[in-house]
2 protein chains.
Amino acid sequence: MKIGLDIMGGDFAPKATVLGAIEAQKALLPGQKIVLFGDKDQALPLISENGIDPEVFEYIHTTEMIGMGEHAAKAVLQKPNSSISLGFQHLKDGHIDAFSSAGNTGAMLVGAMFSVKPVAGVIRPAIATNVPKLKSGFGIMLDVGANADCKPDVLAQFGILGSLYAEHVYNVQNPKVALMNIGEEEEKGNVLTQATFPLLQKTNLNFVGNIEGRDLFNDKADVIVCDGFTGNVMLKLAETFYILTLKKGFKDEFFDRFNYEQYGGSPILGVNAPVLIGHGISSPEAIKNMVLLCRTMIEAEFVDKIKEAFK
Amino acid sequence: MKIGLDIMGGDFAPKATVLGAIEAQKALLPGQKIVLFGDKDQALPLISENGIDPEVFEYIHTTEMIGMGEHAAKAVLQKPNSSISLGFQHLKDGHIDAFSSAGNTGAMLVGAMFSVKPVAGVIRPAIATNVPKLKSGFGIMLDVGANADCKPDVLAQFGILGSLYAEHVYNVQNPKVALMNIGEEEEKGNVLTQATFPLLQKTNLNFVGNIEGRDLFNDKADVIVCDGFTGNVMLKLAETFYILTLKKGFKDEFFDRFNYEQYGGSPILGVNAPVLIGHGISSPEAIKNMVLLCRTMIEAEFVDKIKEAFK
């Protein structure tokens with residue numbers, strides 16, 4: 001098993017990424033290896049400083065990188081030797097089994113869509129995120145930004161993708177799938193959610209109906225389906241609350257579970273390989289968990305589960 | 001000046017509504033009167049118990065009411081003698097200058113749209129809500145539920161309605177108007193926000209561009225424009241956080257300002273009279289502030305300001 005990691009991605013790269021890789025490596029089993037994409041000359045001193053044998057990693061050396069602010073599609077095209085572009089090339093060619101980066105989200109999305117490509121039958125892959133639940137654990141919300149405009153059949157597929165992710169990667173039995181809406185009754189909503197409701201009913205999912213903004217943290221749903229505009233707005237609003245509680249010094253077990261570090265990144269669900277996007281401000285702990293989530297997705301043969309569901 | 005109040009509306013009616021009316025009455029000046037719509041036989045004992053002369057109020061007696069769960073359009077049609085229907089009849093006929101209720105939101109919306117009707121030129125009226133700002137004060141977010149699906153020209157009008165409300169009712173000078181979006185750059189967003197951006201630029205508003213979910217509580221905008229689906233989801237999510245901080249016993253001046261009671265209800269902006277919708281769980285304090293907000297809107301000649309802007 002080879003897990004690709006872009007060590008040039010994120011606000012604190014390459015230090016946070018290399019330190020995260022070191023921590024992740026300690027948790028890996030024999031036969032599981034991390035492949036570092038990026039500037040080897042910057043990585044090696046960091047690895048040596050920490051008393052680690054550089055041979056535990058593989059390296060794809062490059063000094064080229066895609067910046068956080070760059071236009072995603074252009075950058076991927078114009079920088080074939082960037083760490084993200086090379087990562088996707090290796091993923092496409094089967095040299096690595098998963099690829100992860102805390103770098104440019106748009107570039108990760110473009111790379112995933114145009115190199116490894118969507119699974120046959122999946123109309124639009126989606127970015128999923130973890131949402132903490134008040135009682136314990138967390139739910140999966142998708143899409144949170146890959147698709148600003150969605151059609152009903154796309155939204156219904158998000159239900160399938162999210163349900164498979166909850167079931168096979170987080171071992172949730174028969175995940176409860178709900179549609180984010182502005183009322184609980186079937187007829188409530190905008191044109192999109194009104195048309196999506198019957199499509200979700202027709203799936204073999206455990207569809208529990210509509211939920212509202214107030215239900216994000218309760219136990220009504222394990223998988224929350226929404227278009228990428230709504231999901232992105234909700235995610236950023238929820239993050240703001242978490243940051244506020246931190247700033248104001250409120251300590252609480254529930255708010256602690258908003259900490260993105262423990263979730264290890266957001267997967268792009270519906271493409272032909274595990275692809276994980278980390279938060280721009282990823283710490284070594286976040287990078288470590290992103291690499292370990294890659295491992296879990298590979299071990300769960302998650303992409304095969306999607307292929308089976310959509311064939 | 002006559003301010004109409006539905007005393008049958010809300011989870012704690014008629015007690016909370018009558019007590020709220022009593023408190024509001026104490027703050028009114030000579031010539032300002034509250035007209036109570038509802039069961040006078042229930043109201044009078046509550047008024048006497050509190051040592052108030054019943055003559056301070058006017059009464060439109062009815063025992064009929066529209067329940068919280070009733071189908072709005074049907075109920076308004078089938079219950080012409082309900083407190084909400086009578087309130088709108090009196091508002092339309094000019095017997096009262098504003099109407100407010102903590103009852104069925106849908107019925108309030110239907111009543112506003114079909115009795116007092118939208119101001120000429122306003123395509124779709126919107127429900128606005130107050131959002132507390134971290135530093136101090138609050139912003140205005142609209143729409144939060146009247147229009148689940150919006151066209152770009154409708155969204156641009158929300159900017160005008162919200163700006164007028166901030167300026168004339170809350171005395172905000174040259175209100176900063178922003179578009180809720182999933183990125184700050186002009187080209188970001190879904191089809192709706194991408195098309196709305198240039199329309200807002202063309203207005204004579206102080207349009208400051210796009211903001212994101214994380215900006216809801218900062219000072220980037222005084223007026224936050226969004227479709228009613230997005231606004232409703234955000235509002236309910238924000239309310240959930242407020243309730244959580246209460247439950248967990250976090251005391252904080254900022255979170256205190258989430259308390260809906262102090263804002264006195266959400267106006268339907270863009271109809272031919274001040275119409276205010278209270279929270280279903282409205283306390284006497286909330287009812288009092290809703291009545292006083294009616295007064296402010298009447299004194300500000302707010303509807304005339306809208307008529308001028310759209311003529």
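These legends describe close-up views of the contact between chain A and chain B in a predicted model.

**View 1. The interface of chain A and chain B.** The contact draws 34 residues from chain A and 34 residues from chain B. About 3300 Å² is buried between chain A and chain B, and 75% of this area lies on carbon and sulfur atoms.

**View 2. Polar contacts and the side of chain A that touches chain B.** Eight residue pairs, with both residues at pLDDT 80 or more, are in polar contact between chain A and chain B. On the side of chain A that touches chain B, the elements giving two or more residues are α7 (191-202), α8 (228-247) and α9 (253-256) of chain A. Of these, α8(A) gives the most, with 12 residues. By residue class, this side of chain A comprises 18 nonpolar, eight polar and eight charged residues.

**View 3. Salt bridges across the interface.** Four salt bridges are found across the interface of chain A and chain B. One of them joins the side chains of A:Asp252 and B:Lys248, with an N to O distance of 3.1 Å.

**View 4. The relation between chain A and chain B.** A turn of 180° with a shift of 0.0 Å along the axis lays chain A on chain B with an RMSD of 0.0 Å. This is the relation of a two-fold axis. Both copies use the same surface, as 100% of the contact residues of chain A recur in chain B.

How values were computed
Residues numbered from 1 in each chain as written. Chains lettered and ligands numbered in written order. Predicted model: local features only at pLDDT ≥ 70, side-chain atom pairs only at ≥ 80, totals over all residues. Heavy atoms only, no water. Contact = heavy atoms within 4.5 Å. Buried area = accessible area lost by both parts, 1.4 Å probe. Polar contact = N/O pair within 3.5 Å; in protein donor to acceptor, adjacent residues only side chain to side chain. Helix = DSSP H or I, 4+ residues; strand = E, 2+ residues; numbered from the N terminus. Nonpolar A, V, L, I, M, F, W, Y, C, P; charged D, E, K, R; others polar. Least-squares fit on C-alpha atoms with pLDDT ≥ 70 in both.
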